[in-house]
Amino acid sequence: MYKILKAEKLAANIYLMDVEAPRVARHCEPGQFVIVKMDEKGERIPLTICDFDREAGIVTIVFQPVGASTTKMTELKAGDAFRDFTGPLGCASEFVTEDIETLKNKKFLFVGGGVGAAPIYPQVKWMKEHGIDVDVIIGSKTKDLLILEEEMKAVSGNYYPCTDDGSYGHAGMVTSMIDELVEKGNKYDVCVAIGPMIMMKFACLTTKKHGIPTIVSMNPIMVDGTGMCGACRVIVGDEVKFACVDGPEFDGHLVDFDTAMKRQQMYKTAEGRAMLKLQEGDTHHGGCGHCGGDE
């Protein structure tokens, strides 16, 4: 069992939990995720890692209730426990393996939308710990929905909050903030954008216009987290990839967002899953290819 040490509501429909998981915490890197399960019969839920403390053996997760299982998770309190807490899974962010001196000569821009601020945070924190200042844009619909503000300010070189309704910070979406920074003369070598699928799509269109290589996380389309259900199948360039085993991070300028979003909607129904399986044949699954993971 994995004890919940802290459980709090960060904003409307956004929750944070600190979980005691020493073996997971020891191996965590920015960009990875865990799979949680509340009980023996519970659903497997993939969640990106928001923070980790190797010495204390603690992993922090942030989530939004979108279905029965995650809604049930909101009822858990400090002292309760998860039946399973598996990870870290997925590939770590590429910059983790790069030469530090090389990284220090690059200018990074991190862009988070909504709950996407959570997986952005450990990446920005890692940069700070290695002496690299980065610019951070975080957007939400209103000021009340911005999360991890103080934490993000503490680790970023420049922090730019955005609200769609103009109630706080930059009035407008994150894409218009990207435009504004570039128009002011800021030059970026890499952008990391994480958030809802539609936000990442338009962030990539914006950075492509400015010639900024961009990495995105396809965590939002994951379901099973092992590559066997076929839900997170995504076209990257001319290749079929699976977010949970090949990612979750990919070159955003090569991701076919339109197809991925269409699949995300189709996968919600049994009829849609059957059609996807028929259309995609052996490439439908990312694990064995014939596991019946969608049945």
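Here are some short exercises with worked solutions on the predicted model shown above.

**Exercise 1. The whole chain**
Find out what secondary structure the chain has, and what share of its residues is buried.

*Solution.* Start by counting elements: the chain comes to ten helices and 16 strands. Next, look at burial. The chain has 295 residues, and 49% of them are buried. Now turn to the surface: the accessible area is about 13500 Å², and carbon and sulfur atoms account for 50% of that. Finally, take the contacts with a separation of 6 or more; 63% of these are between residues 24 or more positions apart.

**Exercise 2. Reading a sheet**
Work out the strand order of the seven-stranded open sheet, then say which strands stand at its edges.

*Solution.* Follow the strands across the sheet and you get β6-β1-β2-β5-β4-β3-β7, with antiparallel pairing. The strands β6 (81-82) and β7 (84-89) each have a single partner strand, so one side of each is left without a neighbour in the sheet. Now try the β7 edge: β3 (residues 33-37) is joined to β7 by four bridges. One pair to find there is F33, which stands opposite L89 in β7.

**Exercise 3. Strand β2 and its partners**
Describe how β2 is paired with β1 and with β5, and decide whether β2 is mostly covered or uncovered.

*Solution.* Begin with β1 (residues 2-11), which pairs with β2 in the antiparallel sense over six bridges. A11 has I14 of β2 as its bridge partner. Two residues lie between β1 and β2 in this hairpin, and in the turn N13 has a positive phi of about 70 degrees. Then move to β5: six bridges join β2 to this strand, again running antiparallel. Here E20 is partnered by I58 in β5. Last, check the cover on β2 (residues 14-20): six of its seven residues are buried, so the strand is mostly covered.

**Exercise 4. A helix across the sheet**
Find the helix that lies across β4 and β5, and give its angle to β4.

*Solution.* The helix is α4 (residues 117-129), lying across β4 (45-53) and β5 (58-63). Compare directions, and α4 runs at about 30 degrees to β4.

**Exercise 5. A nonpolar patch**
Name the residues of the surface patch that contains F202, and classify F202 as buried, partly exposed or exposed.

*Solution.* First locate F202 in helix α7 (residues 197-209). I198, F202 and L205 make up the nonpolar patch, and together they have about 280 Å² of accessible area. The relative accessible area of F202 is 41%. Buried means under 20% and exposed means over 50%, so F202 counts as partly exposed.

Key:
Residues are numbered from 1 along each chain as its sequence is written. This is a predicted model: local features need pLDDT of at least 70, side-chain atom pairs count only at pLDDT 80 or more; totals for chains, interfaces and linings use all residues. Side-chain values use heavy atoms; hydrogens and water are left out. Patches are made of residues with over 30% relative accessible area and no salt bridge: like charges are joined within 9 Å, nonpolar side chains (Val, Leu, Ile, Met, Phe, Trp, Tyr) within 5 Å. Accessible areas come from the Shrake-Rupley method with a 1.4 Å probe; for residues, only the protein chains shown count as cover. A salt bridge is a side-chain nitrogen of Lys or Arg within 4 Å of a carboxyl oxygen of Asp or Glu. Buried means under 20% relative accessible area, exposed over 50%, partly exposed in between (1.4 Å probe, protein chains only). Two strands pair if DSSP finds at least two bridges between them. Contact means heavy atoms within 4.5 Å. Axes are lines fitted to C-alpha atoms, for helices over the stretch in contact, and angles run from 0 to 180 degrees between N-to-C directions.
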